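Please open the model in your viewer and keep the sequence panel beside it, so that each stop of this tour can be selected by residue number.

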Amino acid sequence: MANIADIIKYEGDNSTFIWKHPCEDFNTTTQLIVHESQEAIFFLNGQALDLFGPGRHMLETQNIPLLRRIINIPTGGESPFHCEVYFINKTEQMAIRWGTDSKVQYVEPTYKFPISIGASGEMALSVNDSRKLLVKLVGTERVLDRQQLTTYLKLMKAWKLSLRILRSA
């Protein structure tokens with residue numbers, strides 16, 4: 001049996017940039033709790049409608065607790081008013097390692113000896129535009145954490161490099 005009122009809050013760790021709450025199609029009396037270092041985006045029927053800052057918020061859906069079973073009969077028990085919440089971590093993620101996967105071999109022109117060149121370091125990332133990050137990069141994934149983001153950045157770097165090579169050919 002569905003609860004009359006649910007409480008939705010962030011339950012992840014600090015290395016997660018975006019986390020989708022597992023509770024979907026919640027009731028209209030649901031409370032959303034957003035921590036000071038977060039934002040939450042409310043999706044209704046596939047559209048990102050509201051961006052919530054820190055505090056307690058009442059979410060308004062068309063899922064009425066006591067009438068839910070009757071309303072869902074025509075759709076086989078599934079709610080026709082689909083809703084979900086994504087949490088975005090706004091803290092600065094520090095000490096994210098980056099680097100080239102392999103070194104480039106270069107022959108020094110004056111003395112003609114080979115040099116291996118590579119680059120690595122650490123960076124800090126923070127979310128500036130929550131809605132854009134969620135809609136353009138994350139999509140419908142449940143989680144975006146440090147590891148996934150650094151993998152994506154490496155793939156994006158390799159993809160842009162291959163585009164440059166194709167364009168110059």
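In this model, which is predicted, the first thing to look for is aromatic side chains, for the structure holds four aromatic pairs. Select Tyr-10 and Phe-87 and show their rings: the centres are 6.0 Å apart and the planes stand at 55 degrees, so this pair is described as tilted. A pair of aromatic rings is described in this way, by the distance of the centres and the angle of the planes. Now colour the chain by sequence and follow it from one ring to the other, because the two partners come from distant parts of the chain, 77 residues apart. Tyr-10 sits in the loop between strand E1 (7-9) and strand E2 (16-20), whereas Phe-87 belongs to strand E7 (residues 83-89). Both Tyr-10 and Phe-87 are buried. Add Trp-19 to the selection, and you have one aromatic cluster made of Tyr-10, Trp-19 and Phe-87.

Next, select His-21, which is found in the loop between E2 and E3. Is His-21 buried or exposed? Its relative accessibility is 7%, and since buried means under 20%, His-21 counts as buried. If you leave aside the neighbours within four places in sequence, His-21 is in contact with Ile-8, Lys-9, Glu-11, Val-85, Phe-87 and Arg-142, and Phe-87 is also a member of the aromatic cluster you have just seen. Draw a line between the C-alpha atoms of His-21 and Tyr-86, and the viewer should give 6.1 Å, although the two residues are 65 apart in sequence.

Move on to Ala-40, in strand E4 (residues 38-44). Ala-40 has a relative accessibility of 0% and counts as buried. Show what surrounds it: beyond the neighbours within four places in sequence, Ala-40 has contacts with Leu-32, Val-34, Asp-50, Leu-51, Phe-52, Val-85, Tyr-86 and Phe-87. The C-alpha atoms of Ala-40 and Pro-54 are 8.6 Å apart in space, with their positions 14 residues apart in the numbering.

Then select Gln-31, whose place is in strand E3 (residues 31-34). With a relative accessible area of 18%, Gln-31 is buried too. Not counting residues up to four places away in sequence, Gln-31 touches Asp-6, Ile-7, Ile-8, Arg-56, His-57 and Met-58.

For the next stop, turn to strand E9 (residues 104-107) and strand E10 (residues 114-117). How do E9 and E10 pair? They run in the antiparallel sense and are joined over four bridges; to see one of the partners, select Gln-105 together with Ser-116 in E10. E9 and E10 form a hairpin with six residues between them, and in the turn Lys-112 has a positive phi of about 60 degrees.

Switch on the surface here, and a nonpolar patch of about 280 Å² can be coloured by selecting Val-104, Tyr-106 and Ile-117. Tyr-106, which lies in E9, has 41% relative accessibility and therefore counts as partly exposed.

Finally, zoom out to the whole protein chain, which has three helices and 12 strands. Of its 169 residues, 30% are buried, and the accessible surface comes to about 11200 Å², of which 57% belongs to carbon and sulfur atoms. Among contacts between residues at least 6 apart in sequence, 69% join residues at least 24 apart.

Terms used
Residues are numbered from 1 along each chain as its sequence is written. This is a predicted model: local features need pLDDT of at least 70, side-chain atom pairs count only at pLDDT 80 or more; totals for chains, interfaces and linings use all residues. Side-chain values use heavy atoms; hydrogens and water are left out. Rings of Phe, Tyr and Trp (its six-membered ring) pair if their centres lie within 6.5 Å; planes under 30 degrees apart count as stacked, over 60 as edge-to-face and the rest as tilted. Helices (H or I, at least four residues) and strands (E, at least two) are DSSP runs, numbered from the N terminus. Buried means under 20% relative accessible area, exposed over 50%, partly exposed in between (1.4 Å probe, protein chains only). Patches are made of residues with over 30% relative accessible area and no salt bridge: like charges are joined within 9 Å, nonpolar side chains (Val, Leu, Ile, Met, Phe, Trp, Tyr) within 5 Å. Accessible areas come from the Shrake-Rupley method with a 1.4 Å probe; for residues, only the protein chains shown count as cover. A salt bridge is a side-chain nitrogen of Lys or Arg within 4 Å of a carboxyl oxygen of Asp or Glu. Contact means heavy atoms within 4.5 Å. Two strands pair if DSSP finds at least two bridges between them.
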